[in-house]
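Please look over the sequence and the structure before reading on. The paragraphs below go through the model one region at a time.

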Amino acid sequence: GARDGLGAYISKPETYPPNVVVYHDEDFVAIHDMFPKSSLHLLLLPRDQNKTRLHPFDAFEDAEFLANVRAETQKLRTLAAGELRRKYGKDSGQEQARQAALSTDPPPDELPQGRDWEKEIVVGVHAVPSMNHLHVHVLSVDRYSERLKHRKHYNSFSTPFFVPIDDFPLAPDDERRRPTEAGYLKRDFACWRCGKVFGNRFTELKQHLEQEFKDWKKL
Ligand code: 5GP
Ligand code: ZN
């Protein structure tokens, strides 16, 4: 069924073009989310047959597996940050080289690093995944996308419904283990960047997200 749609990437990653499957090896497949909820939205799919059908909360009880997944998401975070730098960065290599050439000062030991785009990437899972195969979201913080069409789309990435990979393992009494009771998806919309609250006014939220996106990428 539709909830099994991620299985094909795990079983036959080599059959997809590079704009769909970013990379694959024995243990992981990294793909572009087909319905991205941010300007950059990737998914990491572990291939371990003993894990791929588990809920992430259960899969990540295995400390060694969690460590491996976390290490791989760090690679993907770095890759995603590089993509943001290419797309939005004003601190291009050319610009740095030009400034270095104009300067009469002795060259610094290290070139200025520019913006840390890794900070602009979030990594985690949904407390209630809709797709059956274990997957970790790796996405830019902007939540700016045409595909962000439904109320629950926004809150699923902007409330504790989204569980950062670094929060695992969860404590036994962590309230995110009972996400429906907590009502995360029904919460008032709050801007991820400035915290402004929009109640349930989705159109206004979307307009605000567009403005925040423009400011965020120029920052
Ligand atoms: P979940 O809500 O289960 O954590 O997220 C599943 C993600 O998979 C969603 O962001 C959705 O857009 C994405 N998705 C659903 N079907 C497909 C598909 O067939 N291909 C790809 N690449 N992504 C998909
Ligand atoms: Zn805002």
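Begin with L66, which touches F60, I165, F168 and P169 when residues up to four places away in sequence are not counted. This is a predicted model. L66 sits in helix α3, which covers residues 63–88. Is L66 buried or exposed? Its relative accessible area is 4%, and because the cut-off for buried is under 20%, L66 counts as buried. One of its contacts, P169, is 103 residues away from L66 in sequence, yet the two C-alpha atoms are 8.3 Å apart in space.

P169 belongs to the loop between β6 (162–164) and α6 (179–182). The peptide bond that leads from F168 to P169 is cis, and its omega is near -5°. F168, on the other side of that bond, is also among the residues that L66 touches.

The loop between β6 and α6 also holds R176. With a relative accessible area of 14%, R176 is buried. What does the side chain of R176 make a polar contact with? The partner is the side chain of D167, at 2.7 Å. Neighbours within four places in sequence aside, R176 is in contact with F57, A127, P160, V163, P164, D167, L170 and Y184.

Now take the protein chain as a whole. The chain contains seven helices and eight strands. It has 219 residues, and buried residues make up 41% of them. If one takes the contacts between residues at least 6 apart in sequence, 62% of these join residues at least 24 apart. The accessible surface of the chain is about 12500 Å², and carbon and sulfur atoms account for 51% of that surface.

Helix α5 shows how one element is covered by others. The buried residues of α5 are H153, Y154, N155, S156 and F157. Which elements cover these residues? The cover includes the strands β3, β4 (121–126), β5, β6 and β7, together with the helix α7.

The loop between β5 (136–140) and α5 (151–158) contains R143. R143 is not a glycine, but it has a positive phi of about 50°. At 11% relative accessibility, R143 counts as buried.

Strand β3, part of the cover over α5, spans residues 41–46 and includes H41. H41 has a relative accessibility of 2% and counts as buried. A polar atom of the H41 side chain lies 3.0 Å from the backbone nitrogen of K37. Leaving out residues up to four places away in sequence, H41 touches I31, H32, D33, F35, P36, H137, V138, L139 and F157. F157 in this list is one of the buried residues of α5.

Two other residues that H41 touches, D33 and H137, lead to ligand 1. Which residues come nearest to ligand 1? Of the 16 residues around ligand 1, they are Y9, D33, S130, H135 and H137. Oxygen atoms of ligand 1 take part in several short distances to the protein. A backbone N or O atom of S130 is 2.7 Å from an oxygen atom of the ligand. An N or O atom in the side chain of H135 lies 2.8 Å from an oxygen atom of ligand 1. For H137, a polar side-chain atom is 2.8 Å from an oxygen atom of the ligand. Taken alone, ligand 1 exposes 520 Å², and the protein buries 88% of that.

The last stop is the zinc ion, ligand 2. Which protein donors does the zinc ion have? They are C191 (SG), C194 (SG), H208 (NE2) and E212 (OE), at 2.0 to 2.3 Å from the ion. The angles among the four donor atoms run from 104 to 116°. Four donors count as tetrahedral if all angles lie between 85 and 135 degrees, and the site of the zinc ion is therefore tetrahedral. Along the chain, the donors follow the spacing C-x2-C-x13-H-x3-E.

C194 lies in the loop between β7 (189–190) and β8 (197–199), whereas H208 lies in helix α7, residues 202–218, so the pair ties together parts that are 14 residues apart in sequence. C194 has 46% relative accessibility and counts as partly exposed. H208, at 18% relative accessibility, counts as buried.

Conventions:
Residues numbered from 1 in each chain as written. Chains lettered and ligands numbered in written order. Predicted model: local features only at pLDDT ≥ 70, side-chain atom pairs only at ≥ 80, totals over all residues. Heavy atoms only, no water. Donors = N, O, S within 2.8 Å, 3.2 Å for Na, K, Ca; no water. Tetrahedral: all angles 85-135°; square planar, octahedral: opposite > 155°, others 65-115°. Helix = DSSP H or I, 4+ residues; strand = E, 2+ residues; numbered from the N terminus. Buried < 20%, exposed > 50% of the residue type's maximum accessible area, 1.4 Å probe, protein only. Polar contact = N/O pair within 3.5 Å; in protein donor to acceptor, adjacent residues only side chain to side chain. Contact = heavy atoms within 4.5 Å. Near = heavy atom within 4 Å. Areas by Shrake-Rupley, 256 points an atom, 1.4 Å probe, with all protein chains shown as cover.
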